[in-house]
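Dear colleague,

I am passing on the structure below, together with some notes on how its strands and helices are arranged. Please read the notes with the coordinates open beside you.

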Amino acid sequence: MTALLARGVRRTFEAELAPVRALRGVDLRVDPGEFAALMGPSGCGKSTLLNIFAGLDRADEGEVVVDGLVVSGRDENWLARFRRHHVGIVFQFFNLLEGVSALDNIALPAILGGMRRRAAESRARDLLDLLGLGDRTEQVPSVLSGGQRQRLAIARALVNEPAVLLADEPTGALDSEGGAEILELFRRLHGEGQTILMVTHSADVAAGASRVVRMRDGRIDGDDEAVRSASVPAADAFVTEDQAT
C-alpha cells in the first residue's frame, strides 16, 4: 500500500493582483517506512502540498491518496476523522494548548479519537517517556524550551499511532541544537518504521532524511532516488470511506 500519493495535483489561490499557482501538476509517491524531505525555497508549494496530504487544504485538480485512502473530494466530517486516525501533523510553531499540561496536550487528541481517558493518559505517559519528557508531565508548554515543546508536539502527533507523520518546518523555530535534537528523533522514529514527510527550506535539515525531493515553482524539480512511477493503483486497492474511522 502506498503511504502518500499525489498525481496531477494543482492548487491555485486567488490574490489581489493575480492568481497564485501554488501547485502546477505535482506527482509524488512516498512508500511506507520512508523518511522523505520535501525541500525548496519559500513559496515553492511544499507546505501547500503537505496541507493537501493532511486534509487541511483541497486540491483544485488531481488525485490524493494517503494510507490507501482516497482523500480527494471528501467532506469536512470525513477529513476530520481521517486526520484523527491516519496522519499526525507537526507544525513549525508547535500549536500546543497553552495553560494545559504536557500530559493533557497529548491525551486530549486520543480521547477525541475515541480512546478512554485512562488508556489515553497511559499512552501519553509512554510517549513522554519515549521522547525524554517523562519528568515534564504536569508542566505547561510555556515553561518548556523550544526543543522540548517540539518534542511534545511530536508526541501529540503520534498519540493515535498515525500511518504517516507530516512535519512542516519542524526545526524552523529552533536553534541549531534543538533542530539537531528533533532530526535525531525523526531518524529514530524512522528506524522504528514510521513513515515521515518533512517540509524544509534547509538543505542541511533535508540531509537528515533518507530521501530528498526538491520543489520549485509549484513542481517537483528533482528526487535523490531513482525515478518512481506515480501511477495510481487500481481503485479496489484503496480502503473505502467507512474504513477511515
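**Strand β7 and the two sheets**

Strand β7, which covers residues 164–168, has five of its five residues buried, so this strand is largely enclosed by the rest of the structure. Please keep in mind throughout that this is a predicted model.

The burial of β7 can be followed on both of its faces, since V164, L166 and D168 are buried on one side, while L165 and A167 are buried on the other. In a regular strand the side chains alternate between the two faces of the sheet.

On either side of β7 there is a pairing to look at. Strand β6 (residues 87–90) pairs with β7 in the parallel sense over four bridges, and within this pairing V87 stands opposite V164. Strand β8 (residues 195–200) also pairs with β7 in the parallel sense, here over five bridges, with I196 of β8 as the bridge partner of L165. Between β7 and β8 comes helix α6 (residues 176–191), and the three elements together make a right-handed β-α-β unit.

These strands belong to an open sheet of six, in the order β6-β7-β8-β3-β9-β10, whose pairing is mixed. Its edge strands are β6 and β10 (219–223), each of which pairs on one side only, and the twist from one strand to the next averages 20°. An antiparallel part of this sheet is formed by strand β9 (residues 211–216) and β10, which are joined over four bridges; here R216 stands opposite R219 in β10. Helix α6 packs on the sheet, where it touches β3, β7 and β8, and its direction makes about 155° with that of β8. Helix α1 (residues 46–53) lies across β3 (35–39), β7, β8 and β9, and runs at about 150° to β8.

There is also an open sheet of four strands, with the order β2-β1-β4-β5 and antiparallel pairing. At its edges stand β2 (20–30) and β5 (69–70), each with a single partner strand, so one side of each is left without a neighbour in the sheet. Strand β1 (residues 4–13) and strand β4 (residues 61–66) run antiparallel and are joined by five bridges, and the bridge partner of L4 in β4 is V66. Helix α1 packs on this sheet, touching β1, β2 and β4, with its direction at about 120° to that of β1. Helix α1 therefore deserves a look from both sides, as it touches strands of the four-stranded sheet and lies across strands of the six-stranded one.

With best regards

How values were computed:
Residues are numbered from 1 along each chain as its sequence is written. This is a predicted model: local features need pLDDT of at least 70, side-chain atom pairs count only at pLDDT 80 or more; totals for chains, interfaces and linings use all residues. Side-chain values use heavy atoms; hydrogens and water are left out. Buried means under 20% relative accessible area, exposed over 50%, partly exposed in between (1.4 Å probe, protein chains only). Two strands pair if DSSP finds at least two bridges between them. A crossover is right-handed if, with the strands pointing away from the viewer, the path from the first strand over the helix to the second runs clockwise. Axes are lines fitted to C-alpha atoms, for helices over the stretch in contact, and angles run from 0 to 180 degrees between N-to-C directions. Contact means heavy atoms within 4.5 Å.
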